[in-house]
Amino acid sequence: MSLDTQLFYLLNNLAGKSQLFDGIIVFLASYLAYVLIIVFLAFVFFSQYQKREKLQILFVSVISTLIARFGVTELIRFFYHRPRPFSALDNAHQLLANGEWSFPSGHAAFFFALATAVYLYNKKWGIGFFIAAILMAAGRVAAGIHYPSDIIGGAIIGIAVACAVFYLARRISPPQAEKE
């Protein structure tokens with residue numbers, strides 16, 4: 001049995017033990033995403049940044065997440081078809097359903113891109129977003145819809161895309177202090 005499958009079972013075997021814990025897993029895997037979007041919007045709109053920098057944070061974050069999730073991830077899935085663990089493995093606990101391919105994780109690509117974009121502007125908030133992205137990713141493995149390698153692949157895509165978009169945005173439109 002591969003290390004990826006062993007790690008999958010390690011987290012996935014947490015499911016099916018109690019309704020309360022299964023509810024927590026489902027919340028982390030599915031609904032934490034909505035909370036993160038609301039927190040991100042609050043971070044941007046209520047922060048002390050100048051309007052120009054708020055727009056840049058919003059731009060970098062939106063472009064990064066869209067390219068990571070709907071560009072790179074879907075391009076890989078077009079060529080590589082990895083079945084979901086709940087359909088490929090025996091004894092996998094399935095708490096959520098999803099018919100798309102498993103690798104790479106679109107959620108991981110999206111939310112690690114978001115966390116990276118936030119981190120590049122604000123380390124403290126970025127660490128919080130990374131923690132939330134990791135909890136969401138672990139929840140998706142525990143829910144039976146991703147292997148750990150799906151999450152790692154999505155995280156790498158998200159982080160790389162966000163860094164590239166951030167540095168490209170800085171080259172095109174450097175901060176005011178650097179222009180003078």
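In this predicted model, helix H2 buries Asp22, Ile25, Val26, Leu28, Ala29, Leu32, Ala33, Leu36, Phe40, Phe43 and Val44. The cover over these residues includes H3, H5 and H6. An α-helix has 3.6 residues a turn, so residues three or four places apart point the same way. Several of the buried positions follow one another at such intervals, among them Ala29, Ala33, Leu36 and Phe40. The helix spans residues 19-46. It is not straight: H2 is kinked by about 55°, with the centre of the kink on Tyr31.

The largest nonpolar core contains 42 residues. Within this core, the residues with the most contacts are Phe8, Leu36, Phe40, Val60, Phe111 and Phe129. Six helices each contribute at least two residues to the core: H1 (3-12), H2 (19-46), H3 (51-79), H5 (106-121), H6 (123-142) and H7 (148-172). The most comes from H5, which supplies 12 residues. Two of the most-contacted core residues, Leu36 and Phe40, are also among the buried residues of H2. Phe129 touches both of them. Beyond its sequence neighbours up to four places away, Phe129 also touches Val39, Leu114, Ala115 and Val118. A second core lies apart from the large one. This other core has 8 residues, including Ala15, Leu96, Ala142 and Ala143.

Leu95 sits in the loop between helix H4 (85-88) and H5. With a relative accessibility of 26%, Leu95 is partly exposed. Beyond four places in sequence, its contacts are Ala15, Asp22, Ile25, Val26 and Ala143. Ala15 and Ala143 belong to the 8-residue core. Asp22, Ile25 and Val26 are buried residues of H2. The approach to Ala143 can also be seen in the backbone. The C-alpha atoms of Leu95 and Ala143 are 4.8 Å apart, although 48 residues separate the two along the chain.

Other residues of the same loop have unusual backbone geometry or exposure to report. Asn91, in the loop between H4 and H5, has a positive phi of about 65° without being a glycine. Its relative accessibility of 66% makes Asn91 exposed. Pro104 is also found in the loop between H4 and H5. The peptide bond joining Phe103 and Pro104 is cis, with omega about -15°.

Charged side chains form 7 salt bridges in the whole structure. In one of them, Asp4 pairs with Arg82, with the closest N and O atoms 2.8 Å apart. Asp4 belongs to helix H1 and Arg82 to the loop between H3 and H4, so this pair ties together parts 78 residues apart in sequence. Both partners are buried. Asp4 has a relative accessible area of 15%, and Arg82 has one of 16%.

Glu100 takes part in two further salt bridges. Arg69 forms one with Glu100, the closest N and O atoms being 3.5 Å apart. Arg69 lies in helix H3 and Glu100 in the loop between H4 and H5, so the pair ties together parts 31 residues apart in sequence. Arg69 is buried, at 14% relative accessible area. Glu100 is partly exposed, at 38%. Arg77 also meets Glu100 in a salt bridge, at 2.8 Å from N to O. This second pair again links distant parts of the chain, with Arg77 in helix H3 and Glu100 in the H4-H5 loop, 23 residues apart. Arg77 is buried, with a relative accessible area of 5%. Through shared partners, salt bridges join Arg69, Glu74, Arg77 and Glu100 into one network.

Arg140, in helix H6, presents another case. Arg140 is buried but has no salt bridge. Its nearest side chain of opposite charge is Glu100, at 7.6 Å. A salt bridge requires a separation within 4 Å, so that pair does not qualify. Instead, the side chain of Arg140 makes a polar contact of 3.2 Å with the side chain of His107. Apart from residues up to four places away in sequence, Arg140 touches Ala29, Asn98, His107, Ile145 and His146. Of these, Ala29 is one of the buried residues of H2.

Key
Residues are numbered from 1 along each chain as its sequence is written. This is a predicted model: local features need pLDDT of at least 70, side-chain atom pairs count only at pLDDT 80 or more; totals for chains, interfaces and linings use all residues. Side-chain values use heavy atoms; hydrogens and water are left out. A nonpolar core is a set of buried Ala, Val, Leu, Ile, Met, Phe, Trp, Tyr and Cys residues joined through side-chain atoms within 4.5 Å. Buried means under 20% relative accessible area, exposed over 50%, partly exposed in between (1.4 Å probe, protein chains only). Helices (H or I, at least four residues) and strands (E, at least two) are DSSP runs, numbered from the N terminus. Contact means heavy atoms within 4.5 Å. Lys and Arg count as positive and Asp and Glu as negative; His and the chain ends are not counted. A polar contact is a pair of N or O atoms within 3.5 Å; within protein, one must be able to donate a hydrogen and the other to accept it, and residues adjacent in sequence count only if both atoms are side-chain atoms. The bend at a residue is the angle between axes fitted to the seven residues ending there and the seven starting there.
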